[in-house]
Amino acid sequence: MVTQEYRKLIRLQARRGEALLRRAERSIPELPAGVRLLVATLIALYRELLVELRARDYNNLEGDRISVPTLKKLLLTCSTALRLLGGR
């Protein structure tokens with residue numbers, strides 16, 4: 001059983017993770033052009049995992065493993081590529 005204390009801890013870690021993702025996102029323009037899409041896509045995927053975690057009220061121990069479905073991964077990759085290309 002997941003306690004409120006555990007949920008609070010995971011919520012804190014999720015917030016730390018989001019802050020790190022924002023920091024990493026700001027660094028994308030400084031990266032070599034050949035890796036920007038990869039890094040931006042990974043950030044989008046990890047952010048989506050945090051969205052799923054939040055939707056489960058920070059309960060990552062019970063039920064199915066938190067994951068991003070394949071179609072959602074594809075859509076995130078495409079939208080990230082379009083966003084990066086639009087930023088040129």
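In this predicted model, the largest nonpolar core is built from ten residues: I10, A14, L21, I28, A40, I43, L50, L53, Y58 and I66. Helices α1 (4-27) and α2 each put in at least two of these residues, and the largest share, four residues, belongs to α2. One of the core members, I43, has a neighbourhood worth a closer look. Leaving aside residues up to four places away in sequence, I43 touches L21, A24, E25 and I28. Of these partners, L21 and I28 are themselves listed in the core.

Y58 is another core residue, and its backbone stands out a little. It sits in the loop between α2 and α3, with a phi near 60°, a positive value in a residue other than glycine. Is Y58 buried or exposed? Its relative accessibility is 9%, so Y58 counts as buried, the cut-off being under 20%. D57 is found in the loop between α2 and α3 as well, and its phi, near 55°, is again positive in a residue other than glycine. Here the side of the story about accessibility reads otherwise: D57 has a relative accessible area of 37%, which means that it is partly exposed.

On to how the helices that flank this loop pack. Helix α2 (residues 33-55) and helix α3 (residues 70-86) meet at an angle of about 135°, and their axes are 9 Å apart. That angle makes the pair oblique, because roughly antiparallel would take an angle over 145 degrees. As for handedness, the α2 and α3 crossing is right-handed. On the α2 side, the contact is made by R36, L37, A40, T41, A44, L45 and E48, while α3 brings K72, K73, L76, T77, T80, A81, R83 and L84. Sorted by character, the residues of this contact come out as seven nonpolar, three polar and five charged. A40 turns up in this contact and also in the nonpolar core.

Stepping back to the whole chain, the secondary structure amounts to three helices and zero strands, running α-α-α from the N terminus on. Along the principal axes, the C-alpha atoms fill a box of roughly 50 × 25 × 15 Å. Of the 88 residues in the chain, 25% are buried. Finally, among contacts between residues at least 6 apart in sequence, 61% join residues at least 24 apart.

Conventions:
Residues numbered from 1 in each chain as written. Predicted model: local features only at pLDDT ≥ 70, side-chain atom pairs only at ≥ 80, totals over all residues. Heavy atoms only, no water. Axes fitted to C-alpha atoms, helices over the stretch in contact; angles between N-to-C directions. Helix = DSSP H or I, 4+ residues; strand = E, 2+ residues; numbered from the N terminus. Parallel < 35°, antiparallel > 145°, perpendicular 65-115°, else oblique. Left-handed = near helix turned anticlockwise from the far one by under 90°. Contact = heavy atoms within 4.5 Å. Nonpolar A, V, L, I, M, F, W, Y, C, P; charged D, E, K, R; others polar. Core = buried A, V, L, I, M, F, W, Y, C linked by side-chain atoms within 4.5 Å. Buried < 20%, exposed > 50% of the residue type's maximum accessible area, 1.4 Å probe, protein only.
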